[in-house]
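Colleague: Please take one aromatic side chain in the interior of this model and look at it closely. Describe its surroundings, then work outwards to the rest of the chain, and say how far the model can be trusted along the way.

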Amino acid sequence: MPEADQAAESRRTGHRRPIFYGWWVIAIAFVTMGVAVASRTSFSVLFPEILAEFGWSRGLTAGAFSTGFLISTAMLPVIGLLMERHGPRLVIPLGGFLVALGFVLVTFVTTPWTFYATMSLLIVNGSMAMAYIVHSIFLPAWFVRNRGLAIGLAFSGVGVGSILLLPAMQWLIELASWRTACLVMAGFVAVVIIPLNALFQRGNPKDMGLEPDGGPPRQRPGKAASPAPDPIVDKAWAAVDWTLARAARTARFWWVAAAFFCGLFAWYAIQAHQTQFLIESGFDPGVAVTALGLVALFGIFGQISLGWLSDRLGRELAWSLSLAGFAGSYALLVLLHEAPSEVLLYAMVACQGLLGNGLAALFGAIMTELFSGRHIARIVSVLSLSGNVGGAAGAWFLGFVHDLTSSYLLGFWVCIAASLLSIGGIWMAAPRRVRLVAGQAKRRAEAGTL
């Protein structure tokens with residue numbers, strides 16, 4: 001197309017094409033996220049079947065999941081490097097290949113080491129290259145005005161995937177066998193997730209000659225476009241081409257790392273021990289498991305709503321609401337210990353799902369707004385490493401406290417403190433002092449303070 005015709009086409013279509021393709025990117029991410037996290041958490045569905053068939057100890061069998069988590073955490077810098085050089089069209093299908101291969105090979109296991117090789121190294125580790133961290137690297141580039149909402153929508157696929165895929169696996173296990181369920185999951189990943197991302201996913205709108213949704217607004221014929229408010233507050237900071245080494249020399253980097261560590265400490269601790277605590281508190285196991293499922297269901301709405309809210313009121317406030325949700329959940333667990341009640345139980349579920357789980361929508365937006373540049377993939381992977389270590393520490397710490405004191409109560413209070421420390425860390429990092437979200441920038445422009 002001649003240059004003049006391209007310019008005319010650009011004026012005619014304005015900003016519609018990048019908006020359309022941006023939401024197409026989010027739709028692919030929604031499906032991929034649901035399958036990626038369901039693949040990892042399918043361990044809980046397979047766990048009883050593996051124990052029953054092979055008779056291994058619980059600790060030995062459960063160690064496969066923990067080992068996979070540790071391997072995938074160690075691989076984060078490698079994933080960041082691959083994302084920086086090759087983008088999601090290679091990294092996500094590579095993760096999908098590992099997951100699909102793992103689900104096929106796990107049907108042949110006969111010894112603990114082969115179970116670890118398939119479940120830990122392939123399924124759990126491979127799913128990391130398809131899930132939160134990888135999407136947090138490239139999704140923020142597609143959106144500016146609606147960044148939090150877009151990421152929240154993409155990550156809400158996790159809740160939908162958990163609600164649909166895990167019960168489907170359980171149904172296949174009961175209908176046929178756990179091996180059949182694994183082969184079906186392998187086929188789904190191979191036929192849907194790998195080609196969908198290899199063929200259609202894109203890492204950056206600029207690679208296609210597009211602008212994100214925060215680009216220049218479309219100018220209507222015969223009417224001058226009003227200038228968009230400038231969201232950048234600290235122009236010197238925003239102008240830096242951030243590398244990992246340069247970012248690590250700033251206080252903001254370490255405040256974010258501390259906030260991520262404490263936030264995931266609180267998140268994973270309650271996720272790992274909630275069901276067991278409820279059963280020990282006198283609730284029926286079916287009620288305890290249903291409560292966990294409801295957290296995932298409410299999390300769909302929590303991620304979308306907090307993502308949307310963060311685009312209007314700021315990342316710090318949305319982060320504070322999310323961690324307040326976790327702190328409230330732990331406070332309700334303390335009350336449940338003293339007086340078990342279904343009212344308190346479902347209040348705890350609502351706090352955790354509608355507020356706490358909304359945290360997932362904020363990680364990528366915060367890191368991108370503070371340290372945007374060509375090397376954002378490495379920065380995201382290393383900061384995410386801090387969060388993963390916090391998650392592993394939280395799950396372990398709560399179990400350690402229970403072993404030491406025969407009660408979770410002291411651990412619950414520590415998790416409340418961790419939630420408050422995470423809030424403080426994000427306010428100290430202060431993304432708003434570098435870039436305003438769309439709602440803040442608009443309000444300041446209207447008030448004449450920009």
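Modeller: I would start at Phe-253, which counts as buried because its relative accessibility is 2%, where the cut-off for burial is under 20%. The model is a predicted one, and its pLDDT averages 85 over the chain, with 91% of the residues scoring at least 70.

Phe-253 belongs to a cluster linked by ring pairs, together with Trp-237, Trp-242, Trp-254 and Phe-371. One member of this cluster, Trp-237, also has a charged neighbour: the charged end of Arg-252 sits over the Trp-237 ring, at 4.5 Å from the ring centre. Another member, Phe-371, is buried, since its relative accessible area is 0%.

Phe-371 also leads into the wider interior. Phe-371 and Trp-319 are the residues with the most contacts inside the largest nonpolar core, a set of 124 residues. Helix H14, residues 251–280, supplies the largest share of this core, 14 residues. For Trp-319, once neighbours within four places in sequence are set aside, the contacts are Ala-259, Phe-260, Leu-359, Leu-362, Phe-363, Ile-366, Ser-422, Ile-423 and Ile-426.

The ring pairs can now be taken in turn. The model has 21 aromatic pairs. In the pair of Tyr-132 and Phe-155, the ring centres are 5.1 Å apart and the planes stand at 90 degrees, so this pair is edge-to-face. It joins distant parts of the chain, as Tyr-132 is in helix H8 (residues 132–138) and Phe-155 in helix H9 (residues 147–155), 23 residues apart. The two partners differ in exposure: Tyr-132 is partly exposed because its relative accessibility is 22%, whereas Phe-155, at 1%, is buried.

Phe-253 makes an edge-to-face pair of its own, with Phe-371: the centres are 6.1 Å apart and the planes are at 65 degrees to each other. This pair also links distant parts of the chain, with Phe-253 in helix H14 and Phe-371 in helix H18 (residues 363–371), 118 residues apart. Both rings are buried, Phe-253 at 2% and Phe-371 at 0%.

Some serines are buried as well. Ser-386 is in helix H19, residues 376–405. It counts as buried because its relative accessible area is 16%, and beyond its neighbours within four places in sequence it is in contact with Ala-257 and Phe-261. Ser-72 is in helix H4, residues 58–74, and is also buried, at 1%. Leaving out residues up to four places away in sequence, Ser-72 touches Val-124, Asn-125 and Met-128.

As for cysteines, the structure holds zero disulfides. Cys-415 is in no disulfide, and the nearest cysteine sulfur, that of Cys-262, is 10 Å away; the cut-off for a disulfide is 2.5 Å. Cys-415 is buried at 0% relative accessibility, and Cys-182 is buried at 0% too.

Two further places concern how parts of the chain come together. In helix H21 (residues 438–447) the buried residues are Gly-439, Gln-440 and Ala-441, and the buried residues of H21 pack against helix H15, residues 285–313. Val-144 is in the loop between H8 and H9 and is partly exposed, given its relative accessibility of 33%. Its C-alpha is 9.4 Å from that of Glu-369, although the two residues are 225 apart in sequence.

On confidence, helix H20 (residues 409–429) has the highest mean pLDDT among the elements of the chain, 96, and helix H1 (residues 3–13) the lowest, 41. Over residues 1–16 the pLDDT is below 50, and this stretch has 14 contacts in the model beyond near neighbours in sequence.

Definitions and conventions. Residues numbered from 1 in each chain as written. Predicted model: local features only at pLDDT ≥ 70, side-chain atom pairs only at ≥ 80, totals over all residues. Heavy atoms only, no water. Helix = DSSP H or I, 4+ residues; strand = E, 2+ residues; numbered from the N terminus. Buried < 20%, exposed > 50% of the residue type's maximum accessible area, 1.4 Å probe, protein only. Contact = heavy atoms within 4.5 Å. Core = buried A, V, L, I, M, F, W, Y, C linked by side-chain atoms within 4.5 Å. Phe/Tyr/Trp six-rings, centres within 6.5 Å; stacked < 30°, edge-to-face > 60°. Lys NZ or Arg CZ within 6 Å of the ring centre and 35° of its normal. pLDDT = per-residue confidence, 0-100.
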